[in-house]
Amino acid sequence: MKGFRCSARHGYAVEVSPFLPNRLACATAQYYGIAGCGTLFVLEQRETDVQLLRSFDWNDGLFDVTWSESNEHVLVTGGGDGSLQIWDTANPKGPIQVLKEHTQEVYSVDWSQTRGENLVVSGSWDHTAKVWDPERFQSVCTLQGHEGVLYSTIWSPHISSCFASASGDGTLRVWDVKSGSCRMAIPAHKTEILSCDWCKYDQNILVTGSVDCSLCVWDLRTVRQPVAQMLSHTYAIRRVKFSPFYKTVLASCSYDFTVRFWDYSRSPMLLDTMEHHSEFVCGLDFNLHIPNQVVDCSWDETIKIYTPPCFAALQEVAS
C-alpha cells in the first residue's frame, strides 16, 4: 500500500486521471470543511511512493474533483463558496476559470464521458444541479426538482445528456439535459443519500449509498424495490463506485473509517473490508488503467493506493 500525507488538509474526493495511469488528484479542505481554505493536490504514484506534482489553493474548502475527458492537464473542482474552479496543471498560477452561479456549497462535479459531449455537471446545497460547457462562462442549464441538498451528480457512461443525482431528500433522480427535465425520481432511501454511481456494463443499473448505512442497487426498468441491498457499514456511506472491470462489483467508503468491496451477484455480497484509516473516508476511485487498483482519501489527512486482497480471488475465478 502506497500513501501520501496532505498535512492540515482533510480529503473529500480523489480521482485517477483518465489519460495517465499514475496520476491522481485529491480535493481537500482545512478544518474538516467547516472553515478555512481548500487545496487541490495533483499527485504521481511511483513504484514505491507517491509524489506531489502540483498543489493549488482556493479560498474555501474543495469538496469534489473531476478530470477533463478531453485534456489531460485540466481538472474541475467544486467549492464551499458555491463556485466551480477550472485548473490547468501546466499553469501553476491558479484557476484558469471560475464559474459562480450556485448560491451554496458545490458538493459534486463530474465531467461527461460520452463521445461528442464536453460538459460538466455540478450539484449544490442550493438544491439545484447545473450543466456547464467549460468553454463558456455560464451554465447551459439549471435543473430543479430536489427538495434537499444535492450530494452527488454523475453522468451516465452510456447515454448522452443523461445524469443521475442523489440528494438529502432521499431520492435518486435521472435527468435529461436536452429536455431539461427529470425523467425519473426514485424514493431510494428514507434518509439522506450521499452518493450514487452508474454501472459501467449496464445502462439501467445504478447504486446508491445512504446515511442509513445501506447500499442499494437499482434497475431503472423496475424501481419498486432494489435489485440488491448491502448492509455492513456502521455509519453513513459517503461514496460508492462501480468497478470498471467487473459488472456486479462495487466499492463503498464510509464515516465508519472503512472501505468495503462488494459483489451483489454473490452470497455473501461483502468481499472485503479495508480498515487503514483513522477518520471518515470520503473519497474513492478505481484506476481505469491498472486493473483492481483503488485509491481513497480520508479526513485523517492521508491518501492511500492499493489493491484489495479480494480481487486476487476474483481474478482466479475469472481465469
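Strand E11 covers residues 120-124 and runs antiparallel to E12, with four bridges joining the two. This is a predicted model. One of the pairings can be named: Gly123 has Ala129 of E12 as its bridge partner. Between E11 and E12 lie three residues, and the two strands form a hairpin. His127 sits in that turn and has a positive phi of about 75°.

Now follow the chain into E12. How many of the residues of strand E12 are buried? Five of its five residues are, so the strand, residues 128-132, counts as mostly covered, buried here being under 20% relative accessible area. Look at the two faces in turn. On one side stand Thr128, Lys130 and Trp132, all buried. On the other side stand Ala129 and Val131, also buried. Both faces of E12 are therefore covered, given that cut-off of under 20%. Note that Ala129, the partner of Gly123, belongs to the side it shares with Val131.

E12 also pairs with strand E13. That strand spans residues 139-144. The pairing is antiparallel and runs over five bridges. Here Thr128 has Gln144 of E13 as its bridge partner. E12 and E13 form a hairpin too, with six residues between them. E12 thus has a hairpin with E11 and a hairpin with E13.

What holds such strands side by side? Strands of a sheet pair through backbone hydrogen bonds, either parallel or antiparallel.

Further along comes an open sheet. Four strands form it, in the order E14-E15-E16-E17, and the pairing is antiparallel. Why is one side of E14 and of E17 left without a neighbour in the sheet? Strand E14 (150-155) and strand E17 (181-187) stand at the edges, and each has a single partner strand, so one side of each has no neighbour there. Neighbouring strands of this sheet are turned by 20° against each other on average, direction ignored.

Take the E16 and E17 pair for a closer look. E16 holds residues 171-176, and six bridges join it to E17 in antiparallel fashion. Asp176 stands opposite Ser181 in E17.

Finally, set this beside the record. An unreviewed UniProt entry lists "repeat: WD" at residues 65-88, 99-133, 143-185, 186-228 and 230-272. Two of these spans can be described in the model. Residues 143-185 are 0% helix and 58% strand, and their end C-alpha atoms lie 13 Å apart. Residues 186-228 are 0% helix and 49% strand, with end C-alpha atoms 15 Å apart.

Notes. Residues numbered from 1 in each chain as written. Predicted model: local features only at pLDDT ≥ 70, side-chain atom pairs only at ≥ 80, totals over all residues. Heavy atoms only, no water. UniProt positions renumbered as here; feature names shortened; annotations may be inferred. Pairing = 2+ DSSP bridges. Axes fitted to C-alpha atoms, helices over the stretch in contact; angles between N-to-C directions. Buried < 20%, exposed > 50% of the residue type's maximum accessible area, 1.4 Å probe, protein only.
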